[in-house]
Amino acid sequence: MFNVNDEEEIGRGSHGIVYMCYDGKTCCKKIFNNIKYTEKTLRKIKKLQIHNIYKIYEIRQKGSFLNRELDEYYMDYYEPAKITNPEVKKMNRTNNNLPLLYFPIEYIIRNYYALKDTFEQLYKHNIEVIDMRYLNLVFTEKDIIIIDVDNYLKGKNERFCFIL
């Protein structure tokens, strides 16, 4: 279904590697490192289609029904906002995100409330946010997109807190 470019690695974490793939539009594929996962929470997040969580296309698992593992999944690739300031280009960054302080205040405020709404929706569906950090956000020209949600947990949340 998707043509994967195994030569073009775009991210690596403790649970897997992300590669670029092309299917007429740009997408990417995450392959897991033989770690036990169920895909139930990821499928739930996919079904919710929250606008600032990356779009997930296809989830593949391996193993038997009782011993299923999340093997890989395909998702949209989001281009970080372009860096035009020469001083910012020289900064040593851990990913391609432009530092948030270089965005207009309207962008920051709008995305703050969008993220707040997203976390409230996840909470309402008993999904616990795990691994939320700067590296798992992409600052596009328009929105802040949450990526790498495959570690989120489904269960009963006893508390919810969104701190500025």
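Contact here means heavy atoms within 4.5 Å. Keep that cut-off at hand for the exercises on this predicted model, in which local features need pLDDT of at least 70, side-chain atom pairs count only at pLDDT 80 or more, and totals for chains, interfaces and linings use all residues. Residues are numbered from 1 along each chain as its sequence is written, and side-chain values use heavy atoms, with hydrogens and water left out.

**Exercise 1. Place A81 and list its partners.**

Step 1: Find A81 in the loop between β5 and α2; helices (H or I, at least four residues) and strands (E, at least two) are DSSP runs, numbered from the N terminus.

Step 2: Check its cover. A81 counts as buried because its relative accessibility is 5%, where buried means under 20% relative accessible area, exposed over 50%, and partly exposed in between (1.4 Å probe, protein chains only).

Step 3: Set aside the neighbours within four places in sequence, and A81 is in contact with F103, F139, T140 and E141.

Step 4: Look at T140. Its C-alpha atom is 4.6 Å from that of A81, although the two positions lie 59 residues apart along the chain.

**Exercise 2. Classify the ring pair F103 and F139.**

Step 1: Recall the rule. Rings of Phe, Tyr and Trp (its six-membered ring) pair if their centres lie within 6.5 Å; planes under 30 degrees apart count as stacked, over 60 as edge-to-face and the rest as tilted.

Step 2: A search of the whole structure gives six aromatic pairs. For F103 and F139, the ring centres are 5.9 Å apart and the planes stand at 90 degrees, so this pair is edge-to-face.

Step 3: Trace the chain. F103 sits in the loop between α2 (86-89) and α3 (105-124), and F139 in strand β7 (residues 137-139), so the pair links distant parts of the chain, 36 residues apart.

Step 4: Compare with the burial cut-off. F103 is buried because its relative accessibility is 9%, and F139 is buried because its relative accessible area is 2%.

Step 5: Widen the view: F103, Y107, Y134 and F139 make up one aromatic cluster.

**Exercise 3. Describe the largest nonpolar core.**

Step 1: Define it. A nonpolar core is a set of buried Ala, Val, Leu, Ile, Met, Phe, Trp, Tyr and Cys residues joined through side-chain atoms within 4.5 Å.

Step 2: The largest such core has 29 residues, and I53, Y54, Y73, L122, I146 and V149 have the most contacts inside it.

Step 3: Among the elements giving two or more residues to this core are β3 (26-32), α1 (40-48) and β4 (56-62). Helix α3 gives the most, with four residues.

Step 4: Follow V149. Beyond its neighbours within four places in sequence, V149 is in contact with L42, I45, I53, Y54 and I56.

**Exercise 4. Is L115 in helix α3 buried or exposed, and what about I109?**

Step 1: Both L115 and I109 are found in helix α3.

Step 2: L115 counts as buried because its relative accessibility is 11%. I109 is partly exposed because its relative accessible area is 45%.

Step 3: From L115, turn to I53: their C-alpha atoms are separated by 9.2 Å, with the residues 62 apart along the chain.

**Exercise 5. Summarise the whole protein.**

Step 1: The protein has three helices and nine strands, in the order β-β-β-α-β-β-α-α-β-β-β-β from the N terminus on.

Step 2: Buried residues make up 39% of its 164 residues.
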